[in-house]
Amino acid sequence: MTQTIQIETDAIVIGGGFGGCNSLYKLREQGLSVKLIEAGSAFGGVWHWNRYPGARVDTEMPSYQFNIPAVWKGWNWSQRFPGDEELRRYFQHVDSVLGLSKDALFNAIVTRVQYDVGSCRWTVVTNTGLQATCKYLIAATGSSYKKHYPKFQGLNTYAGKLVHAADYPKDLDITGKRVGIVGNGASGLQIVQDLAKKDCQLNVFIRTPCFAIPMRQREITPEEAEMMKGYYDGIFDRCYKSVTGFPHNTRLQSAHQATPEERKVLFDELWARGGYSFLVSNYYDFLLDEKANSIFYDYWVQKTRARMTNLEKMDLVAPLKQHMLIGTKRPSLEQDYYEMVDRPNVTLHNLKQSPIVEFDTTGLVTCEGSSNKHLDLDIVMCATGYDAVTGSLLDLGITDKNGQSLEEKWSNGVLTHLGLMVPDAPNFFMVYGPQAPTSLANGPPFIEMEVDWICKAIVKMDREGLQSIEPTQQAAEEWRDHVAAVSEHTLYPKTDSWYMGSNIPGKRREPLIYLGGMQRWWQSCTEALENWDGFSTK
């Protein structure tokens with residue numbers, strides 16, 4: 001029988017990734033008593049869970065880290081794009097420097113969250129018997145936690161090894177095995193890129209080919225890492241003041257304002273530079289104009305096909321005729337993905353031509369024209385992503401001051417103000433949640449801005465003697481309409497993606513991310529804080 005443990009504290013933070021760690025640190029600095037609840041056994045968030053082969057961040061250093069001098073002075077990154085193991089070591093370092101563990105409760109899954117009008121406090125219940133109450137509740141559950149398994153017929157009858165990318169076994173041996181990989185996003189790409197080099201037969205099932213650009217990974221010497229610290233203030237400041245949270249150069253020029261020769265010079269330069277420079281530092285209108293987007297696609301497809309030899313595979317992963325609006329799904333960074341899928345031990349399956357019909361005990365069946373084809377598989381890996389952005393929030397079992405669940409509140413669409421708060425949920429804050437720049441921004445600097453806003457709001461409340469704040473229904477509806485209107489001016493709604501909630505069957509299709517950029521969002525946040533515009537106070 002689970003023993004009930006009761007805690008009373010000023011603030012509770014749910015989630016131990018970048019958002020949770022930053023919230024715990026900043027709120028403690030303000031003199032609040034804080035407890036953090038984390039489902040995993042350590043800090044790290046998505047980097048605690050992601051241990052699949054080739055797992056690696058796609059934001060380059062040094063901009064993907066906390067801007068806390070006490071932390072970065074004692075830490076040097078060893079690669080331009082660090083892997084999962086180095087990122088976990090980084091979070092151990094963060095904990096060691098900031099002493100976060102003393103206020104953290106690990107291996108605890110939140111099952112119920114309720115607001116009590118009488119006491120003006122939240123109660124948080126976990127599967128470990130914890131009942132914690134607080135004045136301020138911060139959900140830092142991230143965009144990528146709730147794993148998504150496709151509902152393939154017969155999947156539960158499959159007797160081989162079934163693996164999700166976010167739950168990859170440490171001791172999985174693929175030597176000599178027939179491996180199937182379903183999913184072609186960032187995790188699928190990284191797994192294929194790694195496993196193709198091993199002694200195995202890879203079967204890669206592709207519904208929509210990914211859009212991937214060169215990472216240009218490289219090692220960073222300790223001397224270079226130390227030298228770069230002399231520029232950290234400038235780099236972080238640029239991140240905060242940018243549209244995307246990246247410190248890259250930007251170009252306020254349309255692709256149509258340049259000649260084909262000028263475009264090629266710029267494209268070649270950014271392609272060679274690697275990382276997200278090819279997108280962030282390029283002509284600004286490729287996500288606004290289909291003709292501009294096609295110019296980018298034509299360049300990309302030629303560069304990509306030149307790296308492959310198998311024409312049939314080329315036509316699937318990089319078809320000459322544009323099949324997608326690039327950038328409207330999460331772009332991936334690759335090191336040698338296209339060379340790896342070109343290898344003879346890798347078989348590509350076009351799910352649009354030959355969809356998966358069902359699984360059975362030994363593998364799966366695909367539809368090949370008028371007949372079916374059975375494929376024996378020893379291991380099936382689902383790199384099928386997450387119920388992103390909202391899934392982990394809805395799983396918390398949150399009910400507001402009227403006893404209405406968050407799931408009911410959002411049944412007709414997500415409703416927040418500024419992506420930070422929810423009507424009828426006093427003193428409930430979200431970090432890296434829906435209707436904020438979130439997944440289209442560089443996480444750590446954007447999260448720091450969100451947490452700073454929360455801290456400023458709490459200081460202002462304390463100064464003015466307020467018990468609680470919550471957004472008005474009208475303000476949340478206006479913000480939702482603004483999020484939708486901004487989205488309609490881009491190409492994003494033309495693509496089914498997890499940005500739009502389209503990757504989960506039955507999930508409402510709507511823009512989950514604010515596409516107006518960090519600066520427009522931050523201006524709205526700052527103005528709201530001046531006079532509590534859009535908020536009810538008590």
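In this predicted model, the hairpin of strand 5 and strand 6 has four residues between its strands, and Cys120 there takes a positive phi near 55°. The two arms of the hairpin, strand 5 (residues 110–116) and strand 6 (residues 121–126), run antiparallel and are joined by six bridges. If you would like a pair of residues to look for, try Asp116, whose bridge partner in strand 6 is Arg121.

Strand 5 also pairs with strand 19 (residues 398–399), this time in the parallel sense and through two bridges. Here Val113 stands opposite Ile398 of strand 19.

Now let's turn to another sheet. Five strands form an open sheet with parallel pairing, in the order 4-3-2-8-20. Its edges are strand 4 (104–105) and strand 20 (428–430), each of which pairs on one side only. The neighbour of strand 20 is strand 8 (residues 136–139), and three bridges hold this parallel pair. Within the pair, Leu137 is found opposite Phe428 of strand 20.

Two helices can be placed against these strands. Helix 1 (residues 18–29) packs on the sheet, where it touches strand 2 (11–14), strand 3 (34–37) and strand 8. The direction of helix 1 makes about 170° with that of strand 3. Helix 15 (residues 443–464) lies across strand 8 and strand 20, and runs at about 160° to strand 20. Strand 8 is thus a handy landmark as you turn the model: helix 1 touches it, helix 15 lies across it, and strand 20 pairs with it.

Methods
Residues numbered from 1 in each chain as written. Predicted model: local features only at pLDDT ≥ 70, side-chain atom pairs only at ≥ 80, totals over all residues. Heavy atoms only, no water. Pairing = 2+ DSSP bridges. Contact = heavy atoms within 4.5 Å. Axes fitted to C-alpha atoms, helices over the stretch in contact; angles between N-to-C directions.
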